[in-house]
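Subject: Structure handover

Hello,

Here is the structure you will be working with. Please open it first, then read my notes underneath.

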Amino acid sequence: MENAEQELTVRCCIVGGGPAGMMLGLQLARGGVQVLVLEKHTDFLRDFRGDTVHPSTLQIIDDLGLTTRFNALPLQRESTLAIQFADGMLAFGDFSGLRPFPYIALVPQWDFLDLLADEARRCANFELHMLTEATGLIHDGNDAAGRVVGVRARTSSGATLTIHADLVVAADGRDSVLRKASGLPSRDLGAPMDVLWFRLPREPGDPGYTHGVAGRGQFIAMIQRGDYWQAGLVVAKGRAEALAAAPIAEFRALLARTDPILAKRVGSLEWSDVHKLTVRVERLLRWHRPGLLLIGDAAHAMSPIGGVGINLAVQDAVATANLLGPALRGDAPIEDVQLAAVQQRREWPTRVIQFIQTQMQRRLIAPALEARGGPPNAPAILRALSRLHVFRAIPTRVFGLGFRRERAQFGVRSE
């Protein structure tokens, strides 16, 4: 019925069916917690989402006994990262020394999320409501400064859904509705670039691995996805809008100049094929208030540098399940000090990665985006250092393993 009202009561309501929300929902459900996940879309099938699953996340997947099912997904394994300069390809990242997963896995995020959802649905205490969008928070005594005691949502039919929950977890991304409703302050760390994502066909003779293409004034990320490239043009803030205002022919010509190998395959590219990612690097000063916890991109938007967003979100979810799962399995209220423990656990590694990202943005990316001329040669010092395994291993350990890695303890089952 149009505009009908429904009410539900659960122990934990998670808003957002991304990596953080689905991972947390799965672990809590397996651990015996009554949990409801809200996802505003009809499915998980959206292109140009974070698809890089790092060794830190592969370890968690293994902890949960899902490695066999994960390996059956359409994935690509990458052990080396490289940048193409005018004078040749330069390797700068080597995962081969990491154990037990000496690679990153490139897997469509919708397949990964479907796997987590299918596994969670095996638990009778788990519910996933698709096409259900959170619209606001419910406070104790209708006082906006009071304890959060639930969520208001709207279904695709227009029905109003009132969900009463002992704990609400906002995992609804960088444009989080619940973060705005919470009034929690954030700190913007800035980003000098945006990314224009699009697909291009792969052809015989193309490099068989993910790499970057260095240019002056732009940079192209080429992610190997089997029969096509997921390509991202990195440009200075404001330039994406200027490019979009010009004929598509100018965009095609820019791609061809940056990487001549693309010249013969950009002819059919249209603006409707291009998706803009507005890059933001920010984090909440406080990730919680009584009855509410924010994790993943809702708590800290990351730069695309290193492809760490999905992996930090999963780490947040695992820490939340480990720290709060035992208490949520009981009947006692979740105290603010328990929510603070999650932020205390996860804020430091987030700050470290964001510091590294902002330094790279400031010292490497911003100057490169301001440069003009043809594609550059590799700096001599960088080419010399790339011959050293210890140098190539640094970025893979920093981004592939991260800091203060989590291991799943709550809701763990073997294969």
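**Strand pairing**

Ile83 stands opposite Gly212 in E14. Before going further, note that this is a predicted model. The pairing behind that match is between E5 and E14: the two run parallel and are joined by three bridges. E5 has another partner. Strand E5 (residues 80-85) and strand E6 (residues 88-94) pair over six bridges, in the antiparallel sense. E5 and E6 form a hairpin, with two residues between them. Within this pairing, Phe85 has Gly88 in E6 as its bridge partner.

There is also an open sheet of three strands. Its order is E12-E18-E21, and the pairing is antiparallel. Strand E12 (186-188) and E21 are the edge strands, each pairing on one side only. Strand E18 (residues 282-284) is joined to E21 by two bridges. One match to look up there: Arg283 has His300 in E21 as its bridge partner.

**Helix H4**

Does the length of H4 (residues 109-120) fit its residue count, or depart from it? It fits. At 1.5 Å a residue, its 12 residues should span 16 Å, and the end C-alpha atoms are 17 Å apart, which agrees.

H4 is mostly covered, with 10 of its 12 residues buried. The buried set includes Trp110, Phe112, Leu113, Leu115 and Leu116. Polar residues are on the list too: Gln109, Asp111 and Glu119 are buried. What do the buried residues of H4 pack against? The helices are H1 (19-30), H2 (55-63), H3 (67-71) and H8 (309-328). The strands are E8 (126-129) and E13 (193-201).

**Nonpolar cores**

The largest nonpolar core has 54 residues. Ile14, Met22, Met23, Leu28, Phe70 and Phe126 have the most contacts inside it. H8 gives the largest share of this core, eight residues. A second, separate core has 23 residues, including Cys13, Leu38, Val148 and Ile163.

Met22 is a good place to start browsing. Leaving out residues up to four places away in sequence, Met22 touches Leu113, Leu116 and Ala117, among others. Those three are among the buried residues of H4. Its other contacts include Val37, Phe44, Phe126 and Leu128.

**Cysteines**

How many disulfides does the structure hold? Zero. Two cysteines show the distances involved. For Cys13, the closest cysteine sulfur is in Cys12, 7.2 Å away, which is too far for a bond. The cut-off is 2.5 Å between sulfur atoms. For Cys123, the closest cysteine sulfur is again in Cys12, at 14 Å, so this pair is also too far for a bond. Both residues are buried: Cys13 at 0% relative accessibility, Cys123 at 6%.

**Three buried polar residues**

Asp206 sits in the loop between E13 and strand E14 (211-214). Its relative accessible area is 12%, so Asp206 is buried. The side chain has two polar partners to check. The side chain of Asp206 reaches the backbone nitrogen of Glu203 at 2.9 Å. It also makes a polar contact with the side chain of Arg265, at 2.5 Å. Beyond four places in sequence, Asp206 is in contact with Pro201, Trp229, Ile261 and Arg265.

Ser303 is in the loop between strand E21 (300-301) and H8. Its relative accessibility is 2%, so Ser303 counts as buried. The Ser303 side chain makes a polar contact with the side chain of Gln361, at 3.2 Å. Setting aside residues up to four places away in sequence, Ser303 touches Met193, Val279, Arg280, Val281, Gln357 and Gln361.

Ser56 is in helix H2. At 6% relative accessibility, Ser56 counts as buried. How far apart are Ser56 and Gly402 in sequence and in space? They are 346 residues apart in sequence and 7.3 Å apart in space, C-alpha to C-alpha. Contacts of Ser56 beyond four places in sequence are Asn311, Gln315, Gly400, Leu401 and Arg405.

Best regards

Note on methods. Residues numbered from 1 in each chain as written. Predicted model: local features only at pLDDT ≥ 70, side-chain atom pairs only at ≥ 80, totals over all residues. Heavy atoms only, no water. Helix = DSSP H or I, 4+ residues; strand = E, 2+ residues; numbered from the N terminus. Expected span 1.5 Å × (residues − 1). Buried < 20%, exposed > 50% of the residue type's maximum accessible area, 1.4 Å probe, protein only. Contact = heavy atoms within 4.5 Å. Core = buried A, V, L, I, M, F, W, Y, C linked by side-chain atoms within 4.5 Å. Polar contact = N/O pair within 3.5 Å; in protein donor to acceptor, adjacent residues only side chain to side chain. Pairing = 2+ DSSP bridges.
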